[in-house]
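Reader: I'm new to this one. Could you walk me through it, one question at a time?

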Amino acid sequence: MNKLRFLVPALIASAVVAGNGNLGAMNSNSGDSSADTDTVIPADTIVPDTPDTIPPAPVEITGITVSPKSARLLQRESVTFNATLTPADAPADNLKWSVVPGNTSEYIQITPDGTSATVYVPDEVEKGNYKIVASAATGEVADTCMLIVEERATRITLNMRDINLFPGETVDNIQAYLYYKDGSYTSRGIKWSTSNTNIATVPSPGMVTGVAPGWAELIVSGGGQSLTGSIHVFQELDTIYVTPEVLTMTYGETKQIKATLLPEAVANGPVRWELRPLNAPNVKIDKKGNITTTHDKSGIDKAQTVYVNAMAGNMTATCKVNIIVPVTSVVLSPTTATIEQNDSCEITATLSPEGAFEEPQWESSDPTVAIISNVETIAEGFAKVTATVKALNPGSAIISVKIRELSAISLVNVKANQAGVYEIDTDTYSLCDVYDTNGRPVVLQTPLSAVGSMLQKGIYIIKVNGNSHKISIR
């Protein structure tokens, strides 16, 4: 049997470890050679017992930096904040996340995960600003960030769901609103975009510009809501024209102006209608080219001229619209005028009621005696029109002004030759009807070659074969 023998310095007894695992005292003087062989271990190789190991001192947090410094959330949304610790080996176990009490902050949920924390905002949290704090366990070191909670909208609206335009054309005045449970609404905080910027773009909120023919979607989102609209960009436009180009209306009417687009492939393309001046009173134009006039609240309508522009792509066609006030009477001044041969005089037509104006039709009953050389509107709003009448030959002529069924007559007498007698050839006029200026008939016993010989001096109207002539007997 092998034995383990320890050699120890003086004063330390030897010990024998028997092969059977028993440790017993050993006689150093024993010389029993028949005993089992012993193994001797030097005493200086034995490791003495030592006290338990002392753990190292904990690493304290000396600095905290939180990012991002602010976050904007809707109810039912979450965000993750991250904390950078100093020193870098500071344990995250010593980091604490919290929210500064106030308002409805108790409903904010914070889930720590190492040096990060996920913050969730349920519906119970009211809109407002909340401060999130990351601090060391000792509370001596901390950093904060701002959580901005916005109310979730109940719905979003878009006033144009179908937008049609041409390349290079911009449609504006597109409106989107967010509505909330308290009934309030706003256009702030809405994001605008298109699904394909190669077809159409949004240069600024509320505007869409066509880029190339095709289809795309307009996307508006905000407040946790989103909505889309359709964008159709047509092929290039060649021309546009309107019918009629000139339109006459009275108040209380609605008439349509039609726009035609070419080529035929864009015949159904979008047309935008515009009224000029924009503030024209009592006149409106709708999206289909219908122009409507209404009576003035004051009871006095005034004639005016407006212009309607039909716009498609970068092209415009214009219709001139004359809005007239029906004339109930027309008065000429002077009513009688005597002028020398080859001289001229002016006659003014005044139309009523106030504000009335229609283009008068001037006529001379005998252009060989007097002609109308010039007509000029003095003031369209006041309905005064002047005409220049020029005398050509001796005799009399009726200058008449006609507006629909209304008319007025002014007598223009040219000083006659041959003793003031204006002769009518009975070979041309087989029968004459003569009236005085009051319209009373003058009876002639027989047709004579010189009607003037049967009449006293004065001014007369002679009707021959349905034509009226004015003569002056001097």
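Reader: How many bridges join β6 to strand β12, and which residue of β12 is the bridge partner of L74?

Author: This is a predicted model, and in it β6 and β12 (residues 142-150) run parallel. Five bridges join the two strands. Take L74 and look across to β12: its bridge partner there is E150.

Reader: Do β11 and β12 pair in the parallel or the antiparallel sense?

Author: Strand β11 covers residues 128-136, and eight bridges tie it to β12. One of the partners to look up is V133, which is matched with T144 in β12. The two strands form a hairpin with five residues between them. Their pairing is antiparallel.

Reader: Which residue in the hairpin of β11 and β12 takes a positive phi?

Author: Look at the five residues between the two strands of that hairpin. The phi angle in question is near 80 degrees. The residue that takes it is G139.

Reader: What is the order of the strands in the open sheet of four?

Author: Start with β6, which is joined to β12 by five bridges. Next, β12 pairs with β11 over eight bridges, and β11 is joined to β8 by five bridges, running antiparallel. The pairing in the sheet is mixed, and the order is β6-β12-β11-β8.

Reader: Why is one side of β6 and of β8 left without a neighbour in the sheet?

Author: Both strands, β6 and β8 (95-99), have a single partner strand, so one side of each has no neighbour in the sheet. For β8 that partner is β11, where W97 of β8 is bridged to A134. From one strand to the next, the twist averages 25 degrees. So the reason for the free sides is that β6 and β8 stand at the edges.

Reader: Is S105 buried or exposed?

Author: S105 sits in the loop between β8 and β9 (109-113). Leaving aside neighbours within four places in sequence, S105 is in contact with V99, V100 and Y130. Buried means under 20% relative accessible area. S105 has a relative accessibility of 4%, so it counts as buried.

Reader: Which strand gives the largest share of the lining of the second largest pocket?

Author: That pocket has a volume of about 550 Å³. Of the 20 residues lining it, L74, E150, Y180, G189 and G223 are the closest to its centre, and L74 and E150 are the bridge partners from earlier. Two strands, β6 (70-74) and β21 (214-222), each supply at least two lining residues. The largest share, three residues, comes from β6.

Reader: How many residues of the lining of the second largest pocket are charged?

Author: Sorting the lining by type gives four nonpolar residues and eight polar ones. The remaining group is the charged one, and its count is eight.

Reader: And the largest pocket: which element gives the most to its lining?

Author: Its volume is about 640 Å³. There are 18 lining residues, and M160, V171, V271, R272 and K287 lie nearest the centre. The elements giving two or more residues are β14 (162-165) and β27 (272-276). With three residues, the one that gives the most is β14.

Reader: How many of the residues lining the largest pocket are nonpolar?

Author: The lining divides into three types, with five polar residues and five charged ones among them. The nonpolar residues number eight.

Reader: Zooming out, how many helices and strands does the protein chain have?

Author: The chain has 474 residues, and buried residues make up 37% of them. Among contacts with a separation of 6 or more, 57% come from residues 24 or more positions apart. The secondary structure comes to zero helices and 43 strands.

Methods. Residues numbered from 1 in each chain as written. Predicted model: local features only at pLDDT ≥ 70, side-chain atom pairs only at ≥ 80, totals over all residues. Heavy atoms only, no water. 1 Å grid on protein atoms, 1.4 Å probe; cavity = no way out; pocket = protein on both sides within 12 Å on 5 of 7 lines; lining within 4 Å. Points joined across faces, edges and corners; volume = space filled by probe spheres on them. Nonpolar A, V, L, I, M, F, W, Y, C, P; charged D, E, K, R; others polar. Pairing = 2+ DSSP bridges. Axes fitted to C-alpha atoms, helices over the stretch in contact; angles between N-to-C directions. Buried < 20%, exposed > 50% of the residue type's maximum accessible area, 1.4 Å probe, protein only. Contact = heavy atoms within 4.5 Å.
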